[in-house]
Amino acid sequence: MDAKLIRDHIAICELKARYCRLLDTAQWDEWAALFTEDLVLDTSEAGGPPPVMGRTAAVAMVRQTLEGASTVHQVHMPEITISGDCADGIWAMQDRLIWPGGASLTGYGHYAEHYIRRDGTWKIARSKLTRLIVDFTPPSQ
């Protein structure tokens, strides 16, 4: 792998690390800046709504879903293919979500994503979440 591909690979890994940190700390404006304006967010196979089109709508949907929740998102073992200013990645993931009232979810699965470099910065253009295992606890009664 040449030096440019290595730099791009590291930049995409750092982008996804920021994705997790900013999501878990509810820094919504900073999190939104990680995406292209025409983002397609698909969480339908993980129990979410049909694919959401556009960064503003996607961030609003995630923010509403996680309102008041404590979350931890972890990604690892990236498979990244880079071609010029576009790249595709698959990440193994685990997330833990705990909502007020006691409902909680621990999920294990994958993110499949498409990245575009715009003005020298990598952005997430498409993201699809799938879960292989879900451990859900309903709210306390």
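**Exercises on a sheet and its helices**

In this predicted model, β3 and strand β4 (residues 86–98) run antiparallel and are joined by 12 bridges. Local features need pLDDT of at least 70, side-chain atom pairs count only at pLDDT 80 or more, and totals for chains, interfaces and linings use all residues. Residues are numbered from 1 along each chain as its sequence is written, and side-chain values use heavy atoms, without hydrogens and water.

**Exercise 1.** Determine which strands stand at the edges of the sheet.

*Solution.* Step 1: strands are DSSP runs (E, at least two residues; helices are H or I, at least four), numbered from the N terminus. Two strands pair if DSSP finds at least two bridges between them. Step 2: the open sheet of six strands has the order β2-β1-β6-β5-β4-β3, with mixed pairing. Step 3: β2 (52–53) and β3 (70–83) are the edge strands; each has a single partner strand, so one side of each lacks a neighbour in the sheet.

**Exercise 2.** Identify the residue in β4 that stands opposite Thr71, then the strands that α3 touches.

*Solution.* Step 1: the residue opposite Thr71 is Leu97 in β4. Step 2: helix α3 (residues 55–65) packs on the sheet and touches β1 and β2; contact means heavy atoms within 4.5 Å.

**Exercise 3.** Establish how the buried residues of α3 are arranged around its axis.

*Solution.* Step 1: buried means under 20% relative accessible area, exposed over 50%, partly exposed in between (1.4 Å probe, protein chains only). Step 2: Ala58, Val59, Met61 and Val62 are the buried residues of α3. Step 3: they fall within an arc of 160 degrees seen down the axis, so they line one face of the helix; the arc is that of the directions from the helix axis to the C-beta atoms. Step 4: Thr56 and Gln64 are exposed on the other side of α3.

Technical notes: Axes fitted to C-alpha atoms, helices over the stretch in contact; angles between N-to-C directions.
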